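Student: Could you walk me through this one with me asking things as they come up? I would like to begin with how a pair of helices pack.

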Amino acid sequence: MKQLFRTLGWGLLVVGSSLAWAQDDITEVTFWGAFFNPDEVATLEQITENFNAQNPDINVTFELVPGSETEITRLMTAVAAGTGPDIYYLDRFTAAERAEAGLLTDLAPLIEAETGVSVSDLRDQYLDFAWDEVSYDGGIWAFPFDTDTRALYYRRDILEEAGVDLSLFDPANGPMDLETFQSVAFSLNETDESGAYTRVGNLPWTDQGWHVTWGLAYGGAFAEGSCNVTPTDEGVVDAFEFLYDWSEAMEPQRATAFEQTYIPRGLPPQQHPFLSGRMPMTITGDFFLGTITEYAPDLDYGVTYIPSATGEPFSWSGGFSLAVPSGADSPEAAYRFIRYATGPEGQRIWSGSTGRLPTSRA
């Protein structure tokens, strides 16, 4: 009996040693991301789990870090201390700036080291503008992960009840002109006995109604070439005058009071004024589809072109990317994950679950 236990003991020791060796052979990869809703977090975790299952020599751990979409203070501190992550979820339009600041690893050498792959091959696999955003000074600083596009969302039920002609919103008729858009919006405004707005058709400077949106609506250009800013461009000036005049017509203090009451900072997504009916028209992106699905799946709404001063349909897009910060412990393993997550399988999981648009042509 003693011999049996002695034999079992040696066997367990050998097995334990083998397991320890196998565990040591796994490359640990840390993936940081911020600015997600719960559905997006769950989807990124699913992508991570699928990759780990297919790549037993790598273990990627996704960590949700505090911050907004462009807040990188924690990343900068970690990179400076040599404790940064291996993968970072990066707002793509900041890629060149972060690369110039020395925060990112050039992925071009890793691309060229991959068998049968070149930078030009990969470029052809992604939307042109998305790949251009991560290319800078001869380097590739991230891989495009997703993109988005802005549009006008409208509440069919509220507009019909107010007697608005819904054919104005039919994409087949092209974008609505700005005068008609303002007229429709003002016809939906409601106030209480004190004169405070309880519903507004739209506040064009809220949600995704940024200066970029209205500058493009007037055919404006914000820059010439890569660096020359054009603040006096006629279309840009017209856009700011449009916003100023709208605010004046609604009286700025009353409009601000509505914002502070119904669109305060930190508002839970389920209380968005479009969902509550407080603002039955809003300009937002495809990322809002997930909010509707989650909190108002039976909402009677439509999506159409952003109103335009030129009569031409337009939109604008941004999106995120996956980058390897400088000084990452495991850049090769991180690169393998990035190739998976931004490739066809990872993109299908992400887009299929969140409704966000992919950048992979496949």
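Student: How do α9 and α11 run relative to each other, roughly parallel or roughly antiparallel?

Tutor: This is a predicted model, and in it the axes of α9 (residues 178–187) and α11 cross at roughly 25 degrees and come within 12 Å. Angles under 35 degrees count as roughly parallel, and α9 and α11 are therefore roughly parallel to each other.

Student: And what is the handedness of the crossing as α9 passes α11?

Tutor: The crossing of α9 past α11 is right-handed.

Student: Which residues of α9 and α11 meet?

Tutor: From α9 the participants are L178, F181, Q182, A185 and F186, and they meet F242, W246, A249 and M250 of α11. Sorted by class, the residues of this contact of α9 with α11 are eight nonpolar, one polar and no charged.

Student: Now another pair: at what angle do α2 and α16 pack?

Tutor: Helix α2 (residues 38–54) packs against helix α16 (residues 344–354) at about 155 degrees, with the axes 10 Å apart. That makes α2 roughly antiparallel to α16, and their crossing is right-handed.

Student: Which residues make that contact, and how do they divide by class?

Tutor: On the α2 side the contact is made by D39, E40, T43, L44, Q46, I47, N50 and Q54, and on the α16 side by E345, G346, I349, W350, S353 and T354. The contact of α2 with α16 has four nonpolar, seven polar and three charged residues.

Student: Which residues of α16 are buried, and what covers them?

Tutor: The buried residues in α16 are G346, Q347, I349, W350, S351 and T354. Their cover includes α2, β3 (87–91), β7 (146–147), α14 (288–295), α15 and β16 (357–358). After α16 comes G355, which has a positive phi near 80 degrees.

Student: You mentioned α15, so how many of its residues are buried?

Tutor: In helix α15 (residues 331–341), nine of the 11 residues are buried, so α15 is largely enclosed by the rest of the structure. Those buried residues are P331, A333, A334, Y335, F337, I338, R339, Y340 and A341, with R339 being one of them.

Student: What about α12, where do its buried residues sit around the axis?

Tutor: The buried residues of α12 (residues 252–262) are A255, F258 and Y262. Looking down the axis of α12, they fall within an arc of 55 degrees, so they line one face of the helix. In general, an α-helix has 3.6 residues a turn, so residues three or four places apart point the same way.

Student: Which exposed residues are on the face turned away, and what covers the buried ones?

Tutor: The face of α12 turned away from its buried side carries the exposed residues Q253, Q260 and T261. The buried residues of α12 are covered by elements including β10 (197–199), α11 (234–250) and α13 (273–276).

Student: Where is R278, and what does it touch?

Tutor: R278 is in the loop between α13 and β13 (281–285), and at 32% relative accessibility R278 counts as partly exposed. Leaving aside residues up to four places away in sequence, R278 touches T198, R199, V200, F258, Y262 and P273, and among these F258 and Y262 are buried residues of α12. R278 and T198 are 80 residues apart along the chain, while their C-alpha atoms are separated by 6.7 Å.

Student: Switching to backbone geometry, which residue in the loop between β4 and β5 should I look at?

Tutor: D137 is in that loop, between β4 (135–136) and β5 (139–140), and its phi is near 55 degrees, a positive value in a residue other than glycine. Most residues other than glycine have a negative phi. D137 is exposed, with a relative accessible area of 69%.

Student: And what is the phi of D207?

Tutor: Phi of D207 is near 55 degrees, again a positive value in a residue other than glycine. D207 lies in the loop between β10 and α10 (211–217), and at 26% relative accessibility D207 counts as partly exposed.

Student: To finish, how many helices and strands are there, and what does the chain span?

Tutor: The protein chain has 16 helices and 16 strands, and the C-alpha trace spans about 90 × 55 × 40 Å along its principal axes. Of its 362 residues, 44% are buried. Among contacts with a separation of 6 or more, 74% are between residues 24 or more positions apart.

How values were computed:
Residues numbered from 1 in each chain as written. Predicted model: local features only at pLDDT ≥ 70, side-chain atom pairs only at ≥ 80, totals over all residues. Heavy atoms only, no water. Buried < 20%, exposed > 50% of the residue type's maximum accessible area, 1.4 Å probe, protein only. Helix = DSSP H or I, 4+ residues; strand = E, 2+ residues; numbered from the N terminus. Arc of directions from axis to C-beta. Contact = heavy atoms within 4.5 Å. Axes fitted to C-alpha atoms, helices over the stretch in contact; angles between N-to-C directions. Parallel < 35°, antiparallel > 145°, perpendicular 65-115°, else oblique. Left-handed = near helix turned anticlockwise from the far one by under 90°. Nonpolar A, V, L, I, M, F, W, Y, C, P; charged D, E, K, R; others polar.
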